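Grab a coffee and open the model in your viewer. Below is a set of short exercises, each with a worked solution to check yourself against.

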Amino acid sequence: MADTTEQMLQTAGTPRDARPIKLACRNVWKLFGANAANFICQRDGKASMAEVAAAGLVGAVRGVDLEIRQGEIFIIMGLSGSGKSTLVRCMSRLVEPTHGKVEFEGKDLLKISDAALIELRRHRMGMVFQNFALLPHLNVLENIAFPLGIQGQDRPTREKRAREVIELVGLRGREHFYPRELSGGQQQRVGIARSLATKPEIWFLDEPFSALDPLIRREMQDELMRLQTMLHKTIVFITHDFDEAIRLADRIAIMKDGEVIQIGTPEELVVSPATDYVAEFTRDVDRAKVISARSLMRACDGAEHGGVVAPDAKISSFSADIVSAGKPFAVVNGSGKPIGEVTPQAVIDLLAGIERPRAGA
Amino acid sequence: MTVTASASEARSRPVQLWLVVWACALAAVLAVFLLQDRLPWAVNYPASAIVPVADWVSALMNLIKSNFSWLTRSITAVLGVPLDFALGLLAKNFKIGHGADMLVLPRLSWVGVCIAAFLAGRAAGGWKLGALVGGCFLYIALFGQWTSAMLTLGLISIAVPFCIVTGLFVGIWAWRKPWAERLLISPALDLMQTIPTFAYLIPMLLLFGNSPVSAMIATAIFATPPMVRATMLGLSRVPSEIDDFSEMAGCTARQKLWRVLLPSARPALMVGVNQVIMLALNMVIIASMIGAGGLGYDVLLALRALKVGEAMEAGLAIVALAIALDRLSQAIARNHAKGHVYQEVSPSFWRRYPNLTLAVAILAVTTLLGLFVPAFAAVPKAIIFTTAPLWKTAVSWITINFFDTIEAFRVALILNVLNPVRAFCEGFPWLGAVFLLGLAGYQLGGLRLAALAAALTVFCAVTGLWEKTMATVYLCGISAFIASLIGIPIGLMASRSDRVEKIVTPVIDTLQVLPSFCFIIPVVMLFRVGDVTAMIATVAFAVVPAIRYTNHGLRQVPPALIEAAKVSGCTRRQTFLRVQLPLALPEIMLGINQTILMALAMIIICAMVGTRDLGQEVFIALSKADSGRGIVAGLAIAFIGIVADRLFNAWTAKARARLG
Ligand SMILES: Nc1ncnc2c1ncn2[C@@H]1O[C@H](COP(=O)(O)OP(=O)(O)OP(=O)(O)O)[C@@H](O)[C@H]1O
Ligand SMILES: [Mg+2]
């Protein structure tokens, strides 16, 4: 499992992504309170935190710009109340943004008709909820088939599809159980299966694993990664938990008080945090799992090499080898040419959490 | 932060200010009372200034009656069809044709109905519930109340679905349109739930005549409000995630309501259904006055003829029916709340619904058997018990042996308690009451509450009902006071000991489901008619919320707080007085509020045993079919309830806010 995670990170972490943009937010605002729309229009879509507060409004989402690419796992992080859920609800138009544009494949989502929106949600969007939101009066099979029933599919067709996704999430044998009779992890599997039944292209997950205990949570993360290697959805995923984020993310957006402070790969956030707030977030992270050889390497100084590593290899994948070899490893690019080296001392410093000015930087 | 600071600053001052204000107000009212020779109009509302609201209402009702008789007649005809069917099926047999070639299709066999009741109980709550429900029906059969009870049941079985459907749609509408809820539905529900049961009967009697249909309509209107409330509550409590899910699944508005929200709200809806059934039963009994027939009518006849034994028997049959219906519908509601359990799905109807199929089969077989074996068609005389003579003997024995004690108690109560309070209340200046209630409203809830309290009180005076209003207030007040005096200590004991709670809970659960009529019967046997009987019956009826809320309020004080008090060295008494009681007070006040409202409802029904208050006014209007008089008196009663309720609620809300 760990390999796939790393492969994903390697492919996705490459800068200048060529994949098409699936969903984009352009200066999206969501203010709660009276006359919010007037307030933000008058200011031409610009307002500071203090101005918003002075007008007696709650700035749940403020001026968010971001682009999510096809097939990407895009994670939104932030403290409680920072506006993550509201942002995702703006993206799916569960809440109407006060200002700005949400583009789905280049079309403005806020301008389409209700009928078109229903059509879009029925076939192209899926969502998984923190507390599962399963319907208590339906059993597993019926819950999963429910969105298909809403679309008007007949019973055999929708049950056939439901059984397929039940197979996919490993719930076979529980088809006729009711939500109450399932554990939290199983319930969330049903939630995932239900949102996958319609074969959505973009998949929103709002803290899907927060209500689960740590062991089950890890298992579900693995499950998600497994599904993603098969399905290649565009995923927007909310979490509180930075460890969860670095396990899954292609890119992470950090939110604070409704604003997006920084967007980047986990490594970018760890290596060059934009603000103290971001640094604080990433402080307790196991850096060896995030930082790659490229960030730690220095120019070769002619010493003998004990091995070779790829520039994108995470430190944790070769730290034991390099320390026991006691010699620097060469960092080689795709064509086998050395572009630098990583010393055992640098790795030990990183593992021990010691900050030293990097020699080759 | 600034808000709390200024609030705490402001608090100490106004308390003293209010004390002074109240002292002045009371002094002013006392002055008016003492000067009543000079200011008679301020004490007794002048007869010349009475606004003839009653006449206007009568005129309006007559207008409706004469112009819309085609409508009322067609409503009667339409509703009569299902009602006749239900009554025929359960109680009366179907008679087709006339005279010699009349064909009689039999009603359902009593044996079959008892077994079906048993099966329903077993399906909903296991063998024990099955035995209870089946036993209740068997009791009714063996004690010779079968036909009457089935008449009552037939009316309920038609009224209840009507209530459920109407309540559901009104509730959905109110939930969709917040303005409608605020301006229309909520006030209407409040009014409907405080207007006394009798008052519903009068317009029905006028419009639809003395018939089961008009009783059924009255029942349906009376029993609908809890369903509306349950629907609104259930829908608003559906988790927002489920709402979001339905949007994301691409539900249209209709799909969302019918396939997601309502099914998710099912537990709350089932609670509403239970309440509808119990209210319908209560009302059907009272509606016997306008032609419902059934058990209520038996009680009524027996009470009028002072046949205590018969009244008691019919009353106990009502109790049996009430318990059976309540426990059954509660068990079904609980099953819904628990959620479904996995069962093997089976294609055959018989396998999927074994109890239903079995019940239908048994009903069919026993009913067919009834054509040949009379014992199946009607309960054979030989196995019918009657306890009426027993009750009669018991009552005579008590009256012979304890006549002096009972009489002394009665007279002492009348002379020392009831009469002085009554004199005080009836002499109370109406203007003073308007003023004091307005003042209380202002202190507790601001200008709007003050205006409401004063306006509603003024209504009671200007319609010329002041004295009767105060007579109602007096009896209701004393009864509620005594009920609280009894109920709060019991609740207290229950909160302190699990054993007591275990004993008390089933008793109050049962008391609560009994139709109000049942409380009068045993009391009237011992104390005959009059205010004392009314008071005792009312106390018994209204004591339940005082017990329940006290117990609940004290039990929900967080244990951490009690421990904190103990750790800081409080004695048990101090812990109770300083910590538990203040924290539980809002809840206890809520209980007292409920007690007052229930006492009010009961006092009105006690008009049957000869009180001299607004209830009597409604009762007389009912017997004379004088709609204006009855409706105005009914409104006056509702207004007493609303004033008391609003003031209490405002007070409780304030106390809650203070406790945070
Ligand atoms: N309907 C609403 N009305 C008013 N304020 C709202 C509403 N919904 C959200 N808010 C406010 O918007 C802000 C952002 O809320 P949001 O739910 O998006 O936070 P979140 O980051 O998802 O938090 P959590 O991690 O707890 O889920 C909060 O301050 C919240 O109080
Ligand atoms: Mg959230």
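**Exercise 1. Find which atoms of ligand 1 and Thr86(A) come together, and at what distance.**

Solution. Start at the side chain of Thr86(A) in this predicted model. One of its N or O atoms sits 2.4 Å from an oxygen atom of ligand 1. Polar contacts are counted within 3.5 Å, so this pair makes the cut.

Next, go round the ligand. Ligand 1 has 13 residues around it, and the closest are Ser80(A), Gly81(A), Lys84(A), Ser85(A) and Thr86(A). The side chain of Ser80(A) puts an N or O atom 2.5 Å from a ligand oxygen. Glu207(A) joins in as well: a polar atom of its side chain is 3.1 Å from an oxygen atom of ligand 1.

**Exercise 2. Place Thr86(A) in the fold and decide: buried or exposed?**

Solution. First, the element: Thr86(A) belongs to helix H4, residues 84-91 of chain A. Second, the accessibility: its relative value is 16%, and the limit for buried is under 20%, so Thr86(A) is buried. Third, the company it keeps. Skipping residues up to four places away in sequence, Thr86(A) touches Lys30(A), Phe32(A), Ala60(A), Val61(A) and Val95(A).

**Exercise 3. Locate the largest cavity and work out what lines it.**

Solution. Step one is the search: over the whole structure, one cavity of 30 Å³ or more turns up. Step two is its volume, about 90 Å³.

Step three is the lining, which draws on both chains. Chain A contributes Arg121(A), Arg122(A), Met125(A), Gly126(A), Met127(A), Pro147(A), Arg194(A), Ser195(A) and Thr198(A), while chain B contributes Phe245(B), Met248(B) and Ala249(B).

Step four sorts these by element. At least two lining residues come from each of H5 (114-123), S6 (125-128) and H8 (184-196) in chain A, and from H11 (240-248) in chain B. The top contributor is S6(A), with three residues. By chemistry, the lining splits into six nonpolar, three polar and three charged residues.

**Exercise 4. Say what stands out about phi at Phe132(A) and Ala133(A).**

Solution. Begin with the background: most residues other than glycine have a negative phi. Now look at the two residues. Phe132(A) has a positive phi of about 75 degrees without being a glycine. Ala133(A), another residue other than glycine, also has a positive phi, near 50 degrees.

Then find where they sit. Phe132(A) is in the loop between S6 and helix H6 (140-150) of chain A, and Ala133(A) lies in the loop between S6 and H6 too. Being in a loop doesn't put them out in the open here: Phe132(A) counts as buried because its relative accessibility is 11%, and Ala133(A) is buried at 3%.

**Exercise 5. Describe the surroundings of Thr611(B) in chain B.**

Solution. Thr611(B) is in the loop between helix H27 (572-605) and helix H28 (614-624) of chain B. With a relative accessible area of 2%, it is buried. Its side chain makes a polar contact of 3.2 Å with the side chain of Asp613(B). Beyond its neighbours within four places in sequence, Thr611(B) contacts Leu475(B), Asp531(B), Ala534(B), Ile603(B), Cys606(B) and Gln616(B).

**Exercise 6. Classify two glycines of chain B: Gly315(B) and Gly446(B).**

Solution. Take Gly315(B) first. It's in helix H15, residues 308-338 of chain B, and its 5% relative accessibility makes it buried. Leaving out neighbours within four places in sequence, its contacts are Val299(B), Cys518(B) and Ile521(B).

Now Gly446(B). This one is in the loop between helix H20 (430-445) and helix H21 (447-462) of chain B. Its relative accessible area is 21%, so it goes down as partly exposed. Finally, check a pair: Gly446(B) and Ala650(B) are 204 residues apart in sequence, yet their C-alpha atoms are 9.6 Å apart.

**Exercise 7. Which residues does Val52(A) contact?**

Solution. Val52(A) is part of helix H3, residues 49-54 of chain A, and is buried at 2% relative accessible area. Setting aside neighbours within four places in sequence, the contacts are Trp29(A), Leu31(A), Phe39(A), Ala47(A), Leu57(A), Val58(A), Gly59(A) and Arg62(A).

Terms used. Residues numbered from 1 in each chain as written. Chains lettered and ligands numbered in written order. Predicted model: local features only at pLDDT ≥ 70, side-chain atom pairs only at ≥ 80, totals over all residues. Heavy atoms only, no water. 1 Å grid on protein atoms, 1.4 Å probe; cavity = no way out; pocket = protein on both sides within 12 Å on 5 of 7 lines; lining within 4 Å. Points joined across faces, edges and corners; volume = space filled by probe spheres on them. Helix = DSSP H or I, 4+ residues; strand = E, 2+ residues; numbered from the N terminus. Nonpolar A, V, L, I, M, F, W, Y, C, P; charged D, E, K, R; others polar. Buried < 20%, exposed > 50% of the residue type's maximum accessible area, 1.4 Å probe, protein only. Contact = heavy atoms within 4.5 Å. Near = heavy atom within 4 Å. Polar contact = N/O pair within 3.5 Å; in protein donor to acceptor, adjacent residues only side chain to side chain.
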